[in-house]
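Open the model in your viewer and keep the sequence panel visible. The stops below are given as selections, each followed by what is there.

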Amino acid sequence: MPTSVTDQPKPGFSQRFLGLVRGYWCSEHKWRVRLMTLALLVLTMGQVVVPVLINLWSERLFDALEQRSMDGFLMMIGAVGLIILFNIVIVTLHMQVKRRLQFGWRQWLTTTLLDDWLTRGRHHQITYLPGDHDNPDGRIAEDIRIATEMAVDLAHSLTYCILLLISFTNILWMLSGAPEVTVAGVTITVPGYLLYIALLYAAAGTTIAMVVGNPLVKAVNRRQGLEASFRFGLARVRENAPAIALLHGESEERRRLCDLLGGVRSGWNGQTRALTHMMVFSATYSVLSASFPILVAAPRFISGAISLGMLMQTAQAFQQTVAALSWPIDNLARAAEWKASVERVLSLQDALARLDREVGGEGTARITVDRSDQEHSLSFRNVSVAEPDGHIVITPFDLEVLPGERVLISGDPGAAVRLFRAVARVWPWGHGRIALPAHTRVFFMPERPYLPRGSLRAALSYPVGPEKVTDAQAAAALSRVGLGELIHRLDEELAWDEELAVAEKQRLGFARLLVRRPDWIFIEDATDALDPVSEEEMLRLLDEEFPKATLLTIGSHLSLEAHHKRKVVLERINGAVRLVETTPEPAANA
């Protein structure tokens with residue numbers, strides 16, 4: 001596909017993820033974020049102190065038991081109570097700081113991505129770009145949550161394991177002593193031998209786990225993509241429930257959703273197979289990890305070189321060392337899920353960045369839309385409209401619409417809609433310049449008005465807040481468009497998009513027009529669901545309420561021509577559309 005952006009070498013995963021990290025830790029709240037990070041590190045160090053204390057406590061407890069010392073035993077009971085109290089404080093504070101950091105990062109990244117996605121029509125434009133950026137809603141809602149929460153969890157657990165390893169490496173070295181080994185008559189001293197055994201044991205386990213668990217990474221990534229497609233399919237059914245019900249399309253939707261669920265099942269089974277192989281190894285490794293340290297240290301106890309307390313302390317130190325070294329094994333599945341979510345977030349971010357470059361015209365021409373004090377009309381200068389892949393939709397043309405003119409645009413509906421979107425700055429593909437007068441109020445009325453969930457007043461005032469519309473304004477607008485029966489329901493909160501019929505929604509679109517009072521009005525087939533009488537009422541409303549406003553209307557109904565002085569026809573010839581200006585037909589009853 002032709003592209004306006006020069007392909008650049010793609011940075012590696014780590015570099016791209018660090019960009020997400022730097023963004024939050026260098027944001028406007030950076031000092032608060034950094035203080036929370038420092039507090040989390042200090043509390044993690046406090047968490048590491050607990051197993052060290054338990055290790056020392058264990059030695060003294062078993063020595064007291066071996067010596068049958070009641071005083072020592074009671075002292076250890078008091079000591080464990082203090083350790084528990086210390087652990088409660090550390091764990092509670094750690095959880096609060098960690099969760100605050102996690103949600104703060106999620107909120108920042110979500111807000112940042114929403115700002116990029118919901119700006120200047122990007123949420124609409126990105127659907128025309130190829131690439132892995134489907135289901136942006138799922139990526140923003142779910143993948144950002146996983147990417148941020150798991151990143152902090154994994155970073156914490158890795159830091160904890162590193163600190164644990166440092167602490168118990170020293171303990172295990174001291175507990176190993178320096179046993180002598182005689183080989184071929186030569187006596188060799190092996191200080192810290194238990195540490196070497198632990199390192200070899202953990203290295204062997206990690207290597208096997210990485211080999212066995214590698215298919216799990218691919219399985220998790222595949223399943224997440226299939227789950228996202230299934231969620232998107234369900235959301236589409238919910239959003240289009242009235243149309244599906246009217247067409248009795250439930251069986252087809254069930255079939256389609258069952259097919260998507262079949263894909264989810266396939267992904268689930270693939271992950272189950274990968275997890276089964278991983279669990280076979282984990283089950284063996286976990287049991288062996290509990291018994292192996294005692295078996296390794298037992299000969300020194302049997303020989304009388306160490307006490308029972310030192311034996312248990314050695315076994316615990318060995319277990320903690322191996323546990324710290326086993327971080328890759330314990331977190332492989334979670335790391336795979338986290339990486340898959342980060343990749344999905346980065347793919348959406350990359351697509352939005354690419355879209356920004358394309359819209360900015362990097363490497364090629366784009367349609368520019370300006371507002372200027374020097375302009376007094378809507379002018380198109382050498383404008384051509386294209387598809388994102390470069391295919392020309394409307395061949396180059398010049399056109400000028402003077403203030404107060406009424407222009408009907410008919411012919412190819414797809415080309416006409418793209419032309420309107422170009423004026424609205426949400427369709428940049430093509431070239432040329434579109435100029436509008438500065439300080440004018442512009443209103444675009446789509447074929448089906450978008451009605452957000454909430455009160456009818458909020459739907460009427462959209463996209464500004466409901467507080468901007470008074471009771472008198474709302475009542476006058478609704479009465480004028482024939483929706484007076486809804487006045488008493490202004491502050492009733494419903495799914496109005498489902499509550500109102502299509503014709504009522506189109507009337508509500510005209511009520512919005514009355515509330516906004518624009519200077520330039522662009523209408524896109526906004527009367528096609530109305531009966532002829534109602535359509536004529538709405539067209540007369542435009543003539544009476546907005547006699548000085550400029551009106552551009554997309555439509556093919558003959559009744560529209562009587563309310564417009566100019567007519568532009570978009571004729572399709574040889575796969576492209578050209579603009580031809582004609583004279584509207586006079587009204588039949590004129």
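With which side chain does the side chain of T553 make a polar contact? Select T553 and H564: the two side chains form that contact at 2.9 Å. The model is a predicted one, and every value on this tour is to be read that way.

**T553 and its strand**

T553 sits in strand β12, residues 550-554. Its relative accessibility is 4%, under the 20% limit, so T553 counts as buried. Show the residues around it, leaving out those within four places in sequence: T553 is in contact with V407, L408, I409, F420, I523, L560 and H564.

**From I409 into the cores**

Move next to I409, one of the contacts of T553. Apart from residues up to four places away in sequence, I409 touches A416, L419, F420, L552, T553, I554, G555, V568 and L570. I409 also belongs to the largest nonpolar core, which has 92 residues. L378, F380, I409, I434 and L552 have the most contacts inside this core. Colour helix α5, residues 136-176, to see the element that supplies the largest share of the core, 14 residues. Another core lies apart from this one; it has 35 residues, including L460, I521, M538 and A549. As background, nonpolar side chains in soluble globular proteins tend to be buried together.

**Helix α10 and two partners**

Keep α5 coloured and add α10, residues 327-359. The axes of α5 and α10 are 8 Å apart, and the helices pack at an angle of about 145 degrees. The crossing of α5 past α10 is left-handed. Sorted by class, their contact holds 16 nonpolar, four polar and six charged residues.

Now swap α5 for α3, residues 70-117. The axes of α3 and α10 come within 10 Å and cross at roughly 35 degrees. This crossing, too, is left-handed. To display the contact, select L109, L113, D116 and W117 on α3, then V345, L348, Q349 and L352 on α10. Six of the contact residues are nonpolar, one is polar and one is charged.

**T110 on α3**

Stay on helix α3 and pick T110. Is T110 buried or exposed? It counts as buried, because its relative accessibility is 17% and the cut-off is 20%. A polar atom of the T110 side chain lies 2.7 Å from the backbone oxygen of R106. Beyond its neighbours within four places in sequence, T110 is in contact with I140 and I144.

**Loops and backbone geometry**

Go to R68, in the loop between α2 (30-66) and α3. Its phi is near 55 degrees, a positive value in a residue other than glycine. R68 is exposed, with a relative accessible area of 75%. R517, in the loop between α15 (502-516) and β11, likewise has phi near 55 degrees. R517 is partly exposed, at 31% relative accessible area.

Which residues does a cis peptide bond join? Select Y462 and P463, where omega is about 15 degrees. P463 is in the loop between α12 (456-461) and α13 (471-480). For reference, most residues other than glycine have a negative phi, and most peptide bonds are trans.

The last stop is A529, in the loop between β11 (520-524) and α16 (532-545). A529 is partly exposed, with a relative accessible area of 30%. Its C-alpha is 6.5 Å from that of V502, and the two residues are 27 apart in sequence. With neighbours up to four places away set aside, A529 touches R448, V502, A503 and Q506.

Definitions and conventions. Residues numbered from 1 in each chain as written. Predicted model: local features only at pLDDT ≥ 70, side-chain atom pairs only at ≥ 80, totals over all residues. Heavy atoms only, no water. Axes fitted to C-alpha atoms, helices over the stretch in contact; angles between N-to-C directions. Helix = DSSP H or I, 4+ residues; strand = E, 2+ residues; numbered from the N terminus. Left-handed = near helix turned anticlockwise from the far one by under 90°. Contact = heavy atoms within 4.5 Å. Nonpolar A, V, L, I, M, F, W, Y, C, P; charged D, E, K, R; others polar. Core = buried A, V, L, I, M, F, W, Y, C linked by side-chain atoms within 4.5 Å. Buried < 20%, exposed > 50% of the residue type's maximum accessible area, 1.4 Å probe, protein only. Polar contact = N/O pair within 3.5 Å; in protein donor to acceptor, adjacent residues only side chain to side chain.
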